[in-house]
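Reader: I am in my first year and still learning how to read a protein model. Could you take me slowly through one part of this one, and explain each term as you come to it?

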Amino acid sequence: DVNLKTIAKSTAGFTGADLENLVNEAALLAARANRRAITKADIEEATIKVVAGPEKKSKVVTPEEKKLTAYHESGHAIVRQLMPCGRSVHLVTIIPRGNAGGFTFYKPDTDSSYISKKQFEADIAATMGGRAAEELVIGDVTYGAMGDIQQATQVARNMVTRYGMSELGPVCYDSSQEVFIGRDYQHTVNYSEETAAKIDEIVRAKLDEGYITAKKLLEENRDKLDVMVRVLTECETIYSEEIELIMQGKSAEEVIAAANAHAEKKAEEKK
């Protein structure tokens with residue numbers, strides 16, 4: 001039941017070694033279950049394990065932390081589903097993985113080699129969705145969004161300095177060079193301090209715009225946010241089928257019933 005096209009969509013940017021590692025992890029999962037063949041469920045779990053790290057089900061998480069993680073990950077998922085970013089949410093989990101308290105996994109909708117300016121802006125908004133959900137719900141923010149901020153900042157800076165997607169025009173400002181000075185290397189740039197300040201200003205504006213967009217979408221869809229949090233708190237992991245039901249406005253009870261049925265089906269597949 002393994003579809004190679006599905007694997008390809010899930011592993012964009014993987015090297016040959018990454019793919020080898022993925023299949024090896026899937027083989028280990030199949031062997032532990034005494035199966036002689038790798039199944040779709042094994043590939044799926046192995047992909048997430050390679051991308052985000054292994055599950056840490058033994059980690060002690062308080063109910064408050066669990067609920068906060070659910071809001072954070074739901075913020076990512078809902079904004080992503082509502083933005084035209086070319087990627088849809090495949091899985092949301094609040095089971096700790098690696099250094100993260102939860103994880104939201106995306107898959108591209110099409111096999112495209114190009115990313116537009118609007119898609120980059122949508123990516124920034126979706127990445128900021130977790131922090132926006134925290135502020136919306138608890139009126140405060142945590143350092144859990146640290147990685148999200150780093151990622152969104154890098155996307156915004158690349159748009160300005162490498163892709164020419166700003167009012168500075170189609171100019172590359174990313175030709176920095178390393179120069180050895182004394183005992184260490186230092187970076188030199190080929191543009192003025194005035195231009196550097198303008199780049200910082202535009203990057204900040206793009207991040208602010210993405211954050212405002214994310215928060216507005218979550219405020220307008222607070223009912224869906226609360227339903228997803230309730231479902232995640234109950235089921236811990238949900239997939240695209242359940243996410244679609246939530247976006248259609250189904251109740252938490254209906255989605256939980258569908259999630260339980262989905263979990264039973266996946267358990268049968270693993271057998």
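**A helix end and the packing of helices**

Author: Directly after helix α10, Gly249 takes a positive phi of about 95°. Helices, counted as DSSP runs of H or I with at least four residues, and strands, runs of E with at least two, are numbered from the N terminus. The model is a predicted one, in which local features need pLDDT of at least 70 and side-chain atom pairs count only at pLDDT 80 or more, while totals for chains, interfaces and linings use all residues. Residues are numbered from 1 along each chain as its sequence is written, and side-chain values use heavy atoms, with hydrogens and water left out.

In α10 itself, which covers residues 240-247, the buried residues include Glu242, Ile243, Ile246 and Met247. Looking down the axis of α10, its buried residues fall within an arc of 140°, so they line one face of the helix; the arc is that of the directions from the helix axis to the C-beta atoms. Buried means under 20% relative accessible area, exposed means over 50%, and partly exposed lies in between, with a 1.4 Å probe and protein chains only.

Earlier in the sequence, Glu236 sits in the loop between α9 and β5 (237-239), and has a positive phi of about 70° although it is not a glycine. Most residues other than glycine have a negative phi. With a relative accessible area of 31%, Glu236 is partly exposed. Setting aside residues up to four places away in sequence, Glu236 touches Lys66, Val92, Thr93, Ile94, Ile95 and Val231, where contact means heavy atoms within 4.5 Å.

Lys66 also belongs to the contact between two helices, to which we can now turn. Two packed helices are described by the angle between their axes and the distance between the axes. The axes of α4 (residues 63-82) and α9 (residues 222-235) come within 9 Å and cross at roughly 130°; such axes are lines fitted to C-alpha atoms, for helices over the stretch in contact, and the angles run from 0 to 180 degrees between N-to-C directions. α4 and α9 are therefore oblique to each other, since angles under 35 degrees count as roughly parallel, over 145 as roughly antiparallel, 65 to 115 as roughly perpendicular and the rest as oblique. The crossing of α4 and α9 is right-handed, meaning that the near helix is turned clockwise from the far one by less than a right angle, whereas an anticlockwise turn is left-handed. Among the residues that make this contact are Ala70, Tyr71 and Ile78 of α4, and Leu225, Met228 and Leu232 of α9. By class, the contact has eight nonpolar, three polar and five charged residues, where Ala, Val, Leu, Ile, Met, Phe, Trp, Tyr, Cys and Pro count as nonpolar, Asp, Glu, Lys and Arg as charged, and the others, Gly among them, as polar.

α4 also packs against α6 (residues 129-138), with the two axes coming within 7 Å and crossing at roughly 125°. α4 and α6 are therefore oblique to each other, and their crossing is right-handed. Tyr71 and Gly75 are among the α4 residues in this contact, which meet residues of α6 including Ala133 and Val137. The contact of α4 with α6 has six nonpolar, five polar and two charged residues.
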